[in-house]
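I opened this notebook to record what I looked up, beginning with the cores and moving on to the contacts between chains.

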Amino acid sequence: MPECLTNKKVLTKGNYAIANAAVLAGCQCYFGYPITPQSEIGEFMSGKMQELKRAYVSAESELAAINMVIGATSTGVKAMTSSSSCAVALMQEGLSYATADELPVVLVSVMRGGPGLGNIYPSQGDYFQATKGGGNGDYKLIVLAPSTVQECVDLTYKAFYLAHKYKNPTVLLADGLLGQMMEPVEFYDYPYPEIDNSKWALTGAKGRDGRIIRSYAPLADNQCVFLEKLFQKYKTIEENETEWEEINTEDADIVLVSFGSTSRNVKTAMKLLREKGLKVGFFRPITLFPFPTKRLAELSKTAKKFVTVEVNMGQMVNDVRLAVNGACPVELINKGVGAPPSAQEIVSRIEAL
Amino acid sequence: MSYITINGDKCKACYLCINECPKKLIKISDKTNNLGNHIVEFEDPEHQCLACAMCATRCPDLAITGVYKDK
Amino acid sequence: MATQVFKIPESLRDNVKYSFCPGCDHGVAVRLVAEVIDELGIRENSILVASIGCSVTTYDFLNVDSLEAPHGRALAEATGVKRAQPDKVVFTYQGDGDFASIGLAESMHSALRGEKLTAICINNTTYGMTGGQLGPTTLLGQVTTTSPTGRNLEYYGYPIKIAEHIALCDGTAFSARVSLDSVANIRKAKQAIKKAFEVQIHGLGFGFVEILSTCPTNWKMTPDKAHTRVREEMMPIFKPGIYKDITIN
């Protein structure tokens, strides 16, 4: 298990990087249940949190784990859980409640193969699970998708910040590849301001009436008012927090769109295709919600074609199509599960289009 | 003299208090509240109330708001 | 000059009006919890986790900081609250379906971990809010909307004896079953609720009280008859008593 050091470059696994970053971000409580390929997060936390006299619970299930996070965050502290695919499925109810309760829940979701038990190979098959949600009702989760181990650190910090800034559950959507691979990474102090939770957190009703954090709205009108307010918040998040990376898109005929670990080979493929004289650009959404819809729509005015590359049966491609809105074709290069297609494979499939 | 106070607006007419009173001082009133319930009323012309608070302890709706014991 | 020997507890919200059905013992149970909070002087230091069912409305009545849990998850959320705020008094108010059916894992594991929590569970042998279906504590032979000819072993199996199960968990400091069928038993119930809070406050472990209660609406009985049923049908099976108290044995 790696040492938690700041301001020093270390070689470590994505899972340890996420866990260490969470500790440095000031996460006070970790609740979790083991599942491959993210078990190192819970293992690391079990030792570190006890050493720091912070809270750690080996929960009896993922249902319990996400609800423990709801309980802890209702008191205003930073708290998290981590899990993977078929077990994140069990947390959907809790995530729906957490959006309705407007609580800063942080979930690290390290995707593996599905549906069902699937397998423990890397996958991007839970793009829909994270961005569209499996819980009931109208809600959105903030979803951050790292592509490197360093970004696992950066976006873990950011996940805590955004969750508290907007009082909305936030998902760090990694995958088995990022979780298990080792890369050099630098830790640093939590770079965001601390958010004041004193106006809403449950801290005991000292000198005031009891606060209620609830989702139960017996009257239809009340629920309408709440939903309008909730979606006004999502609009603000879209305006302020949409993040993406783009390279060589200004003159691109073909824009390759990819997120997470898969995007690394796609970026290389773009460079190889450029060397061959093709005008190819690279576009990587970093926030999957808010999705960079506006920017993709702008690019669709100059690009002739978009190609999304995903390790699933085609999920993000739908959001790209909605953004492009018929302005030009949107193709899909994909494989169901496992290591992402190699740069060479992407190059030949683009050439064959 | 001991007595009880009743908030008729909270009475849901379950009448559990009527059986509970050892002196049978609570009865169904002709009056109704805004729920349409015939509320209970306390009548103690002979000052028999013991202030035992059994009625208030039994009342599930906080309609018996106070029990006062004569010193 | 008369002195007041009974008053509405101060830990209830101002001018509180319960939304429970006429004659429902929930109202008594919530009042007892409020009286205990008053007596222990912990209103400003307590956090309630309310569950789903008729019990969810408790936060509208108790004037304490409150969190609403999904069905069955109250003790998981309470665990999260307590681990984040160990100096707070954290308690749940749940029904039998919430505590002992959908939430049995959360309930048992909270007790096994010895979480410093207090759990109050209302046992009325049915799912009240949804209209009187068979629940984990429905008695053999009891007719409900989903056991139209009565609970039989072939289709439904046995009801659970909650207080006994919780007493078996090593992390439990106090487990009792009480009844609200009579004024004498209501007074005993309050003592048990107080004890379940005290073991938490003294850091001894998990405090639990199962409260035998009525559902006149779904039992289709007058409130008075409902109490007779508690005495004659429930109490012989769900025997009131203290099943574990580490402060005396």
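**Cores and chain contacts**

I looked first for the largest nonpolar core in this predicted model, and I found that it has 179 residues, with A:Leu256 and C:Val33 having the most contacts inside it. Helix H7 (residues 149-166) of chain A gives the largest share of this core, 10 residues. I also noted that domain 1 (9-195 + 229-239) and domain 2 (245-352) of chain A each contribute at least three residues to this core.

I then listed the neighbours of A:Leu256, leaving out residues up to four places away in sequence, and among them are A:Val266, A:Met270, A:Phe282, A:Phe283 and A:Val309. A second, separate core holds 24 residues, including B:Cys17, B:Cys49 and C:Phe6.

Next I turned to the chains, where 2 pairs are in contact and chains A and C share the most contacts. Chain A and chain B do not touch, and I recorded 20 Å between their nearest C-alpha atoms.

For the contact between chains A and C, I noted 31 residues from chain C and 35 residues from chain A. On the side of chain C that touches chain A, strand S2 (46-50), strand S3 (65-68), helix H3 (74-84) and helix H5 (104-112) of chain C each supply at least two residues, and H3(C) gives the most, with 8 residues. I sorted the residues of that side into 14 nonpolar, 8 polar and 9 charged.

Last, I checked the strands, and I found that strand S10 (residues 212-213) of chain A and S3(C) run parallel and are joined by 2 bridges. The bridge partner of A:Ile213 in S3(C) is C:Leu67.

Note on methods. Residues are numbered from 1 along each chain as its sequence is written. Chains are lettered from A and ligands numbered from 1 in the order in which they are written. This is a predicted model: local features need pLDDT of at least 70, side-chain atom pairs count only at pLDDT 80 or more; totals for chains, interfaces and linings use all residues. Two residues are in contact if their C-beta atoms, placed from the backbone, lie within 7 Å. Helices (H or I, at least four residues) and strands (E, at least two) are DSSP runs, numbered from the N terminus. Ala, Val, Leu, Ile, Met, Phe, Trp, Tyr, Cys and Pro count as nonpolar, Asp, Glu, Lys and Arg as charged, and the others, Gly among them, as polar. Two strands pair if DSSP finds at least two bridges between them. A nonpolar core is a set of buried Ala, Val, Leu, Ile, Met, Phe, Trp, Tyr and Cys residues joined through C-beta atoms within 7 Å. A residue is buried if 20 or more other C-beta atoms lie within 10 Å of its own, exposed if 12 or fewer, and partly exposed in between; C-beta atoms are placed from the backbone. Domain bounds come from an automatic or database domain assignment.
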